[in-house]
Amino acid sequence: MGLTTLFAEATVMTLGLALSSLVLGLLMALAFSLAELSRCKPLALATSTVVAILRGLPEILVVFFIYFGSTHALFLLTDEFIEISPFVAGTIALSLIYSAYASQTLRGAFMAVPKGQTEAAVALGISRFHCFFRIILPQTWRHALPGLGNQWLVLLKDTALVALIGVHDLLLQARMTAASTYEPFTWYGIAALIYLAITLVSQNILERMKSRSNRHLTSSHSVTEGPVEKTVSPGEATA
Amino acid sequence: MGIAVQSLSKSFGGHQVLRDISFSISKGETTVLLGSSGAGKSTLLRMLNLLESPDQGSLHIADMAFSFPQKKSPSSNASTKACQLRRKVGMVFQQYHLWPHMTVLENLMEAPVQQGMSKAEARDKAMGLLERMGLPDKVNAWPSSLSGGQQQRVAIARALMLSPEVLLFDEPTAALDPAITNQVVEIINELQASGITMVVVTHEVDFARKIASRVVYLENGEIVEQGTAERFTAPQTGAFKRYLQH
Ligand SMILES: Nc1ncnc2c1ncn2[C@@H]1O[C@H](COP(=O)(O)OP(=O)(O)OP(=O)(O)O)[C@@H](O)[C@H]1O
Ligand SMILES: [Mg+2]
C-alpha cells in the first residue's frame with residue numbers, strides 16, 4: 001500500500017476518534033453539568049468529585065486506565081478475558097477528558113442565562129422540557145461555544161495520546177514511517193501539517209458557528225440597552 | 001367571576017412577606033397594586049399565576065380554584081393544573097424577558113404552537129396583535145434591536161397570543177422613558193375595553209390614576225386599603241393618604 005493511502009487512512013482514524021469523542025464527550029458534559037447544577041446535593045457532589053479527578057490526572061494516565069483498567073475490571077467481574085478495542089478505549093478516555101472540561105464551560109453558560117428566560121416560558125404555560133430545549137439550550141450554546149471550541153482543538157491534539165495504546169492514528173503512522181525510512185523530519189513534519197490543516201479548518205468552521213450564534217446581537221442596542229440580554233461569556237475561562 | 005383571593009400568606013425563610021391577603025376583583029376590571037418598595041407587590045402578583053406558591057389561603061382565578069398548602073396528591077397533577085392556569089392568566093414582566101435568540105414573530109408563536117395551535121393560525125394572530133401594538137414592521141426583528149417600549153409591546157403581544165382572561169403587569173412603566181408612559185396607558189385602556197381583567201403593580205401614582213378601576217394598597221405585606229378608583233381622591237386611611245402625597 002502506498003504511503004499516501006496509509007497516511008489518508010491514519011488521518012481518517014484521527015478524525016474519527018476526535019469526532020466520536022466530541023459527540024460522546026458533549027453528551028457526557030451535558031449530563032455532568034446538569035448533575036452539578038441539580039438540586040440533589042449528593043449527585044452534584046459526586047459529579048464534582050469525578051470531574052475534579054478527571055481534571056487532576058495526566059491525560060495519558062486516563063487513557064491507560066481506561067484501556068488496561070477496563071479489561072482488568074471486566075476480567076474481575078466476568079472471569080473472562082474480554083479485550084476492548086484500543087479505538088473504543090481511546091474514544092471513552094478522550095470523551096471523558098473532554099467532558100471534564102466542557103462540563104465546566106456548560107455549567108457557566110447555563111448560569112449565564114438569566115432566570116427570567118425560564119420564568120417567561122413558565123408564565124406562558126410552556127412545559128419545562130420544551131423550555132429547556134427551545135429557550136435555555138440555544139442560549140447556553142452561544143455562551144459555551146467559544147470555550148467548547150477551544151476544548152475541541154485540545155481534544156484534536158490529545159488524540160495523539162492513543163497511539164500509545166496502539167490505535168493506528170496519524171502519530172503512530174508517522175512514527176512507523178519515520179522508523180522504516182530513517183527520515184523522521186519529513187514524516188513527522190507531514191503529520192504536523194495534517195494536524196495543522198485540520199485545526200485551521202476547525203477554526204474556520206467555529207468562527208462561522210460563533211457568528212451565527214451571535215446573529216441576533218448585531219445592533220448597537222443589544223449591549224447597552226437590552227434588559228433581556230447579558231453579554232457574559234464565561235465559557236472561555238476553562239480551556 | 002374574575003379573581004378572588006382568601007387569606008393568602010407567604011414567607012421566605014422565616015421572613016413573612018405577605019400576611020392574610022384577601023380581595024376580590026370582578027371580571028373586566030383593572031386593579032392597581034400600590035405600595036412602597038418591599039411591600040410584597042411583586043410576590044402577590046406572581047402568586048396570581050403561581051410563579052410563587054402561597055403557604056396558606058385560597059385562590060380563585062379564571063374559573064379555577066386552588067387552595068394552599070396543596071394536598072400531596074400526585075404532584076404532576078398540580079403542575080398540569082398550574083400550567084392550565086398560566087395559559088389563561090398572562091404575565092408581562094418588568095424586564096419583559098423576551099427570548100433574545102428568537103425573532104419577534106418567533107417569540108409570539110412559541111407558546112401557542114407548542115400548545116397545539118397551527119403555525120398558520122399562530123402567524124395570523126401574531127400579525128394581528130403586532131398591528132394592534134403598532135409594530136407591524138418589527139415582525140422579523142431581533143428583540144435586541146428594539147427600544148424598551150417596543151420590547152414591552154412585544155411582551156404584551158406575546159402574552160395576548162394565548163387570549164388570556166387575566167393579564168398581570170409588574171411595573172410596566174418602571175423601565176421606560178416617562179414620555180412613553182402614555183403609550184402604556186393607552187394600551188392598557190384599550191385592553192380593558194376589550195374585556196380583559198388586569199392587575200397592574202406600579203410605583204407611579206399618576207400612572208395608576210389613569211388606568212385603575214380598583215386599587216389595593218399594601219404595606220409590609222398587609223392590605224391597608226382597597227376600594228374603587230375613588231379612593232385616589234378620597235383615601236380612607238392615613239397611610240394611603242400619606243402615600244398618595246409623596
Ligand atoms: N425569592 C425570594 N426569596 C427571599 N425573599 C424574597 C424573595 N422574593 C421576594 N423576597 C422578599 O419579599 C419582600 C417583598 O418583595 P417584593 O418583590 O414582593 O416587593 P415589591 O413590593 O415588589 O417591591 P419593589 O417595589 O421594590 O419591587 C422583600 O423583602 C423581598 O426581599
Ligand atoms: Mg416588585
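Helices here are DSSP runs of at least four residues, numbered from the N terminus. With that in hand, take Lys210(B), a residue of helix H7 in chain B, which covers residues 205-211. What you're looking at is a predicted model, so let's start with how much confidence comes with it, then return to that lysine later on.

The model as a whole scores ipTM 0.89 and pTM 0.87. Chain B has a mean pLDDT of 90, with 98% of its residues at 70 or more. For chain A the mean pLDDT is 89, and 90% of its residues get to 70 or more. Within chain A, helix H4 (residues 86-112) has the highest confidence, at a mean of 96, while helix H9 (residues 221-224) has the lowest, at 40. The pLDDT stays below 50 over residues 220-239 of chain A, and that stretch has 48 contacts in the model beyond near neighbours in sequence. Keep that in mind when your eye wanders to that part of the chain.

Now for chain A itself. It has 9 helices and 0 strands, so if you walk along from the N terminus, you meet one α element after another: α-α-α-α-α-α-α-α-α. Its C-alpha trace spans about 65 × 50 × 25 Å along the principal axes. The chain has 239 residues, and 44% of them count as buried. Take the contacts in chain A between residues at least 6 apart in sequence: 75% of these join residues at least 24 apart. On the outside, chain A exposes about 12,300 Å², with carbon and sulfur atoms supplying 70% of that area.

Let's zoom in on helix H4 of chain A, where two residues make a handy pair to look at. Ser103(A) sits in this helix. Is Ser103(A) buried or exposed? Its relative accessible area is 0%, and the cut-off for buried is under 20%, so Ser103(A) is buried. Not counting residues up to four places away in sequence, Ser103(A) touches Ala29(A), Phe32(A), Ser33(A), Glu36(A) and Val51(A).

Ala102(A) also lies in helix H4. Ala102(A) is buried because its relative accessible area is 0%. Leaving aside neighbours within four places in sequence, Ala102(A) is in contact with Ala29(A), Leu148(A) and Gln151(A). Ala29(A) turns up among the contacts of Ala102(A) and among those of Ser103(A). For a sense of distance, Ala102(A) and Ala197(A) are 95 residues apart along the chain, and their C-alpha atoms are separated by 24 Å.

Over to chain B and what's packed inside. The largest nonpolar core has 84 residues, and Ile3(B), Leu59(B) and Ile61(B) have the most contacts inside it. Which residues does Ile3(B) contact, leaving aside neighbours within four places in sequence? They include Leu59(B) and Ile61(B), along with Phe23(B), Ile25(B), Leu48(B), Val166(B) and Val199(B). Ser24(B), His60(B) and Thr197(B) are in contact with Ile3(B) too. Apart from the largest core lies another one, of 49 residues, with Leu34(B), Leu105(B), Met109(B) and Met161(B) among them.

Next, find ligand 1. Of the 13 residues around it, the ones that come nearest are Ser37(B), Gly38(B), Lys41(B), Ser42(B) and Thr43(B). Strand E2 (15-25) and helix H1 (41-48) of chain B each supply at least two residues of the shell around ligand 1. H1(B) gives the most, with 3 residues.

Some of the atom pairs here are worth a look. A polar side-chain atom of Ser37(B) is 2.5 Å from an oxygen atom of ligand 1. For Ser42(B), a polar side-chain atom lies 2.7 Å from a ligand 1 oxygen atom. In the side chain of Thr43(B), an N or O atom is 2.5 Å from an oxygen atom of the ligand. Taken alone, ligand 1 exposes 630 Å², and the protein buries 60% of that.

Finally, back to Lys210(B) in helix H7 of chain B. Why does Lys210(B) count as partly exposed? Its relative accessibility is 45%, and partly exposed covers what falls between under 20% and over 50%, so that's where Lys210(B) belongs. Leaving aside neighbours within four places in sequence, Lys210(B) is in contact with Asn182(B), Val185(B) and Asn189(B). The C-alpha atom of Lys210(B) is separated by 9.7 Å from that of Ile188(B), with the two residues 22 apart along the chain.

Note on methods:
Residues are numbered from 1 along each chain as its sequence is written. Chains are lettered from A and ligands numbered from 1 in the order in which they are written. This is a predicted model: local features need pLDDT of at least 70, side-chain atom pairs count only at pLDDT 80 or more; totals for chains, interfaces and linings use all residues. Side-chain values use heavy atoms; hydrogens and water are left out. A nonpolar core is a set of buried Ala, Val, Leu, Ile, Met, Phe, Trp, Tyr and Cys residues joined through side-chain atoms within 4.5 Å. Buried means under 20% relative accessible area, exposed over 50%, partly exposed in between (1.4 Å probe, protein chains only). Contact means heavy atoms within 4.5 Å. pLDDT is the predictor's confidence in each residue, from 0 to 100. A residue is near a molecule or strand if one of its heavy atoms lies within 4 Å of it. A polar contact is a pair of N or O atoms within 3.5 Å; within protein, one must be able to donate a hydrogen and the other to accept it, and residues adjacent in sequence count only if both atoms are side-chain atoms. Accessible areas come from the Shrake-Rupley method with a 1.4 Å probe; for residues, only the protein chains shown count as cover.
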